Amino acid sequence: MSNIKLSTCCSCGFQWPTSQHGEHSCSSYLRAENANLKIEIAELKTENKKERDYSDFLESSAENFLAAREALRKKVGELKADRSRLNYLDKLNTEFNERNGTQYGWKIDWNHNRIALIDSCPMQRTVREAIDEQAMKRSKPHDNS
Ligand SMILES: [Zn+2]
């Protein structure tokens, strides 16, 4: 560290050791300062743009997240409604069996005239099991029954 005392130009801020002559051109010094400031401004603009881009990214991410959550909520609502429908059929079947002292379950009955969901199958399947059973039969080749 030096203890050299510095003088400063009141007009442009140029500094020189006080014991020496401080001859300079304020305008050339200011031109260099101006160029440096322009570079700094460009850097700050770039930095600002990056931050704005990131902010936009966060905002659109949040919007996408909300949209995905809404779609999921709707889907869950649909699934719950389907579950209620299937549960309702099993409830009907249970009530029917209790009323009639029977032990029947569901079956999908497929013949050349029609496809029917019947509730008088002795296999005592739930409606889900009956659907799964039919889907499994259908997935096997050469078997439409
Ligand atoms: Zn000066």
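Author: Welcome! One definition to start: helices are DSSP runs of H or I with at least four residues, strands are runs of E with at least two, and both are numbered from the N terminus. The model we are reading is predicted.

Reader: Which elements does the protein chain have, and in what order do they run from the N terminus on?

Author: The protein chain has two helices and four strands. Their order from the N terminus is β-β-α-β-β-α.

Reader: How should I read the confidence, and what pLDDT does the protein chain average?

Author: As a general idea, predicted coordinates should not be read in detail where pLDDT is low. In this case the protein chain averages 92, and 95% of the residues score at least 70. Among the elements, helix H1 (residues 26-100) has the highest mean pLDDT, 96, and strand E2 (residues 15-17) the lowest, 93.

Reader: What radius of gyration does the protein chain have, set against a compact globule of 145 residues?

Author: Such a globule would come out near 15 Å, but the protein chain has 41 Å. Along the principal axes, its C-alpha atoms fill a box of roughly 115 × 35 × 25 Å. Buried residues make up 4% of the 145.

Reader: How far does H1 reach from its first C-alpha to its last?

Author: The 75 residues of H1 span 109 Å, close to the 111 Å expected at 1.5 Å a residue. H1 is also hardly covered, with a buried count of one among its 75 residues.

Reader: Now the backbone: what sign of phi should I look for, as a general idea?

Author: Most residues other than glycine have a negative phi. Just after H1, Gly101 takes a positive phi of about 65°. Gln124 is not a glycine, yet its phi is positive, at about 55°.

Reader: Where is the place of Gln124, and why does Gln124 count as partly exposed?

Author: Gln124 sits in the loop between E4 and helix H2 (127-139). Gln124 counts as partly exposed because it has 14 C-beta neighbours inside 10 Å.

Reader: In which sense do strands E3 and E4 pair?

Author: A general idea for strands is that in a regular one the side chains alternate between the two faces of the sheet. Here E3 (residues 105-110) and E4 pair in the antiparallel sense over five bridges, and they form a hairpin with four residues between them. Asp109 has Ala116 in E4 as its bridge partner. E4 (residues 115-121) is hardly covered: among its seven residues, the count of buried ones is zero.

Technical notes: Residues are numbered from 1 along each chain as its sequence is written. This is a predicted model: local features need pLDDT of at least 70, side-chain atom pairs count only at pLDDT 80 or more; totals for chains, interfaces and linings use all residues. A residue is buried if 20 or more other C-beta atoms lie within 10 Å of its own, exposed if 12 or fewer, and partly exposed in between; C-beta atoms are placed from the backbone. Two strands pair if DSSP finds at least two bridges between them. The radius of gyration is taken over C-alpha atoms; the globule rule is 2.2 Å times the number of residues to the power 0.38. pLDDT is the predictor's confidence in each residue, from 0 to 100. The expected span of a helix is 1.5 Å times one less than its number of residues.
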